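Colleague: I should like a close look at a single part of this model. Please take one sheet and describe what surrounds it.

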Amino acid sequence: MSKIIRIGTRDSELALWQATTVQQRLAEIGYDSTLIPIKSAGDQVLDKPLYELGITGIFTKTLDVAMLKGQVDIAVHSMKDVPTQLPQGIVQGAVLERAVTHDILVHKGLDFLENDSPSTIATGSLRRKAQWLNKYPNDRVVDLRGNVNTRLLKLIENDWQGAIFAKAGLERIKLLPKDAVLLDWIIPAPAQGAMLVVALENDDFTRTAVEKLNHKESELATGVERDFLRTLEGGCTAPIGALARCENEKLHFEGVVFSLDGKQKVEIKKTVPLKSADGLGTMCANEVLKNGGQQLMESIRNANSALH
Ligand SMILES: NCc1[nH]cc(CCC(=O)O)c1CC(=O)O
């Protein structure tokens with residue numbers, strides 16, 4: 001039996017690039033597909049910081065609903081935007097080979113790094129904010145929302161020295177400035193740089209097709225990072241970073257949770273043989289919780305609930 005696979009996607013340039021990539025990859029292995037762009041709630045509310053909206057999965061929910069209603073067969077997501085708990089009936093179909101994982105700084109000249117006066121850096125991410133303030137405690141971090149294109153425009157329009165982006169996102173839509181600075185000291189979001197295809201659990205035809213796009217090492221690394229996040233977060237948004245890399249049959253992991261002001265952190269680093277990487281994310285999260293992470297997460301939860 002053959003059918004045309006309907007690919008649900010957000011309608012931002014980045015999301016469309018990612019969905020088109022999946023469409024091409026499916027075509028290469030003999031499957032026809034069609035793109036169905038759908039506006040997500042996360043793209044519609046632009047005047048509030050994401051963490052104030054207090055919902056995880058704001059970018060993915062609309063597509064989940066479309067899939068559960070039978071309007072699309074798969075959805076393509078930036079994996080870091082996908083909640084660690086997938087909705088009932090929806091499963092991970094494939095993790096595509098991961099692109100660069102790190103953040104970069106887009107700026108208007110780097111003189112601000114040398115002089116002593118405080119700079120203003122824009123980001124909507126608690127994780128980026130906390131890590132920037134940890135390194136540059138005198139700087140000001142302002143909120144920045146919208147899709148990648150919108151955020152680049154806002155940087156140009158405002159009197160800020162720079163803004164932080166995922167390198168992978170800007171590369172994909174060919175908007176990465178040549179002089180952007182790699183922020184390799186910022187630990188990325190769990191699964192940053194990876195694309196996830198989700199499918200319906202009971203759709204064997206589509207799952208068999210999509211499975212062929214899965215990249216084993218990317219699946220393993222992002223799985224460990226998301227286990228770390230899932231164990232720590234308890235459903236709330238928090239400044240959590242995690243990065244796993246596979247190298248020479250080993251998996252290198254680092255994970256961290258920061259206080260909102262970036263002043264405190266609890267981190268962990270571990271290297272294990274690839275074969276025994278399975279429970280690593282959960283184990284590392286439990287160690288972080290034991291070493292002060294629990295108190296950090298509680299104060300973050302209290303600050304979050306004061307917002308709502
Ligand atoms: N939060 C939005 C988002 N989700 C995924 C990407 C980029 C691609 C990726 O990180 O996989 C971005 C943009 C950004 O963080 O600058």
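Modeller: The account below treats one sheet, its helices and one of its loops. This is a predicted model, in which local features need pLDDT of at least 70 and side-chain atom pairs count only at pLDDT 80 or more, while totals for chains, interfaces and linings use all residues. Residues are numbered from 1 along each chain as its sequence is written.

An open sheet is formed by 3 strands in the order S11-S12-S13, with antiparallel pairing. Strands (E, at least two residues) and helices (H or I, at least four) are DSSP runs numbered from the N terminus, and two strands pair if DSSP finds at least two bridges between them. S11 and S13 (265–273) stand at the edges; each has a single partner strand, so one side of each is left without a neighbour in the sheet. On average, neighbouring strands of this sheet are turned by 10° against each other, direction ignored. Axes here are lines fitted to C-alpha atoms, for helices over the stretch in contact, and angles run from 0 to 180 degrees between N-to-C directions.

S12 and S13 are joined by 9 bridges; glycine 255, for instance, has isoleucine 268 in S13 as its bridge partner.

Two helices lie across these strands. Helix H9 (residues 216–233) lies across S11 and S12, at about 155° to S11. Helix H10 (residues 280–307) lies across S12 and S13, at about 165° to S13. Contact means C-beta atoms, placed from the backbone, within 7 Å.

The loop between S11 (240–247) and S12 (250–258) holds glutamate 249. Although not a glycine, glutamate 249 has a positive phi of about 65°. Glutamate 249 is exposed because 8 other C-beta atoms lie within 10 Å (exposed: 12 or fewer such atoms; buried: 20 or more; partly exposed: in between).
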